[in-house]
Amino acid sequence: IQFINLHLEDFKEIKFKEKSTKLRGKKLVYVIGSIDTKKIKNLDITWKLSSKENKILDIEIEKISLIKTQKLEMRKLLKENKNNFSKFIDIYFKNLN
């Protein structure tokens, strides 16, 4: 827990630098930039936003999609529980606490 607290402490003061904004079709906007913390400098980040709604659809940090990562983790848990969705939900919510 101390390890996690040390890293969270570093993210208390974040500076975001916008590099560019790109319209991707009619529904998607990419805001590309970097984040600086006390310890980490120039961490690449891309915010994928809906242009029609005020929603964040995905965040890529150093080219790693948080949505895709979460999807892979959920798929693995579901497989481990032999596609038993009730069991999957129980385990998933236990892991969140």
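Where is Ile-14 found? Ile-14 sits in the loop between α1 (2-10) and β1. Keep in mind throughout that this is a predicted model.

## The overall layout

Let's start with the inventory. The protein has 3 helices and 5 strands, and reading along the sequence gives the pattern α-β-β-β-β-β-α-α. In other words, one helix comes ahead of the strands, and two helices follow them.

What about burial and surface? Of the 97 residues, 23% count as buried. The accessible surface comes to about 8300 Å², and carbon and sulfur atoms make up 58% of that. As for contacts with a separation of 6 or more, 14% are between residues 24 or more positions apart.

## The sheet

The 5 strands build an open sheet, and they line up in the order β1-β2-β3-β4-β5 with antiparallel pairing. At the edges you'll find β1 and β5 (64-65), each of which pairs on one side only.

Take a look at the β5 end. Here β4 and β5 pair in the antiparallel sense over 2 bridges. If you want a residue to click on, try Ile-61, which stands opposite Ile-64 in β5.

## Salt bridges between strands

Side chains of opposite charge can pair when their charged atoms come close. In this model the count comes to 5 salt bridges, and three of them are worth walking through here.

One of them joins Lys-17 and Asp-36, with the closest N and O atoms 2.8 Å apart. This pair ties together distant parts of the chain: Lys-17 belongs to strand β1 (residues 15-24) and Asp-36 to strand β2 (residues 28-36), 19 residues apart. How do the two partners sit, buried or partly exposed? Lys-17 counts as partly exposed because its relative accessibility is 44%, whereas Asp-36 is buried because its relative accessible area is 12%.

Another salt bridge brings together the side chains of Lys-48 and Glu-60, at 2.8 Å from N to O. Again the pair links distant parts of the chain, with Lys-48 in strand β3 (residues 43-50) and Glu-60 in strand β4 (residues 56-61), 12 residues apart. Both partners are charged residues that end up under cover: Lys-48 is buried at a relative accessible area of 15%, and Glu-60 counts as buried at 16% relative accessibility. The cut-off for buried is under 20% relative accessible area, so Lys-48 at 15% and Glu-60 at 16% each fall on the buried side of it.

## A partly exposed pair

Now for Glu-53 and Lys-55, whose side chains meet in a salt bridge at 3.2 Å from N to O. How accessible are these two, Glu-53 and Lys-55? Glu-53 counts as partly exposed at 42% relative accessibility, and Lys-55 also counts as partly exposed, at 45%.

## Back to Ile-14

Ile-14, the loop residue we opened with, has company on the surface. Together with Phe-11 and Ile-40, Ile-14 forms a nonpolar patch there, and the three share about 220 Å² of accessible area.

Why is Ile-14 described as partly exposed? Because its relative accessible area is 43%, and partly exposed covers values between the buried limit of 20% and the exposed limit of 50%. So if you're browsing the model, the loop between α1 and β1 is the place to find this member of the patch.

Key: Residues numbered from 1 in each chain as written. Predicted model: local features only at pLDDT ≥ 70, side-chain atom pairs only at ≥ 80, totals over all residues. Heavy atoms only, no water. Salt bridge = Lys/Arg side-chain N within 4 Å of Asp/Glu carboxyl O. Helix = DSSP H or I, 4+ residues; strand = E, 2+ residues; numbered from the N terminus. Buried < 20%, exposed > 50% of the residue type's maximum accessible area, 1.4 Å probe, protein only. Pairing = 2+ DSSP bridges. Contact = heavy atoms within 4.5 Å. Areas by Shrake-Rupley, 256 points an atom, 1.4 Å probe, with all protein chains shown as cover. Patch = residues over 30% accessible without salt bridge, like charges linked within 9 Å, V, L, I, M, F, W, Y side chains within 5 Å.
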